[in-house]
Amino acid sequence: MYRGRWSAVPWIVGCVALLLACTSLAAAKVDEALIRALIANMTLLEKTRQLDLYPGGDVVRDGRVDPDTLAGTWKGGVGGAVHDFYPHSANETNYIQQWVKQNSRLGIPVLFIEECLHGLQQAGHTVFPQAVALGASWDTDMVHRVGKAIGAEARACGIGMCLSPVLGVGY
């Protein structure tokens, strides 16, 4: 494998993505007392359910969010994250969050996770060049703007976590 100057490209792109994520987390206000109180009041099942990852098909029936499908998915307790849901708008994620609030003991929101390798992977959203192409430009400002645009489109749909390129540890 060639280890010349281009072998650092995945590392650079991964670092920029990590910095963007850390900046967003640092900007968020965290209520430590609330978190400690929630954890203290959670049952073992509720704590376990927070670690679950549900496919989007578990919350959608015939392309629509359905209360019966939600009740079947979370019959043992609400919690965790939903991946590959691909909501078309925040109305769908808001509906699920409202359902969770009304149908769970503690009302802890669900985390929506979607693929954002080169844009939010859903029809109607912007498609950007792959990370290798962005890294090859050596334009960190452009990479930052692309990350912000992807994040804005995801947040507009109620998505709280984007999966994207990570550090190429094997290089």
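How do the residues of the lining of the second largest pocket divide into nonpolar, polar and charged? Select K29, D31, L34, I35, L38, I39, M42 and I108, which line that pocket. They come out as six nonpolar, no polar and two charged (Ala, Val, Leu, Ile, Met, Phe, Trp, Tyr, Cys and Pro are nonpolar; Asp, Glu, Lys and Arg charged; the others, Gly among them, polar). The volume is about 200 Å³.

Before moving on: this is a predicted model, where local features need pLDDT of at least 70 and side-chain atom pairs 80 or more, while totals for chains, interfaces and linings use all residues. Numbering starts from 1 along each chain as its sequence is written, and side-chain values use heavy atoms, leaving out hydrogens and water.

Next, show the sheet. Four strands (DSSP E runs of at least two residues, numbered from the N terminus) make an open, parallel sheet in the order 1-4-5-6; pairing takes at least two DSSP bridges. Strand 1 (53–55) and strand 6 (161–163) sit at the edges with a single partner strand each, so one side of each has no neighbour in the sheet. Zoom in on strand 4 (residues 81–83) and strand 5 (residues 111–115): three bridges join them, and H83 stands opposite I113.

Now pick Y54 in strand 1 and W74 in the loop between helix 4 (67–73) and strand 4, 20 residues apart. Their ring centres are 5.7 Å apart with planes at 80°, so the pair is edge-to-face (centres within 6.5 Å; planes under 30 degrees apart are stacked, over 60 edge-to-face, the rest tilted). Both are buried (under 20% relative accessible area): Y54 at 8%, W74 at 4%. Add W99 to see the cluster that ring pairs make of Y54, W74 and W99.

Key. 1 Å grid on protein atoms, 1.4 Å probe; cavity = no way out; pocket = protein on both sides within 12 Å on 5 of 7 lines; lining within 4 Å. Points joined across faces, edges and corners; volume = space filled by probe spheres on them. Phe/Tyr/Trp six-rings, centres within 6.5 Å; stacked < 30°, edge-to-face > 60°. Buried < 20%, exposed > 50% of the residue type's maximum accessible area, 1.4 Å probe, protein only.
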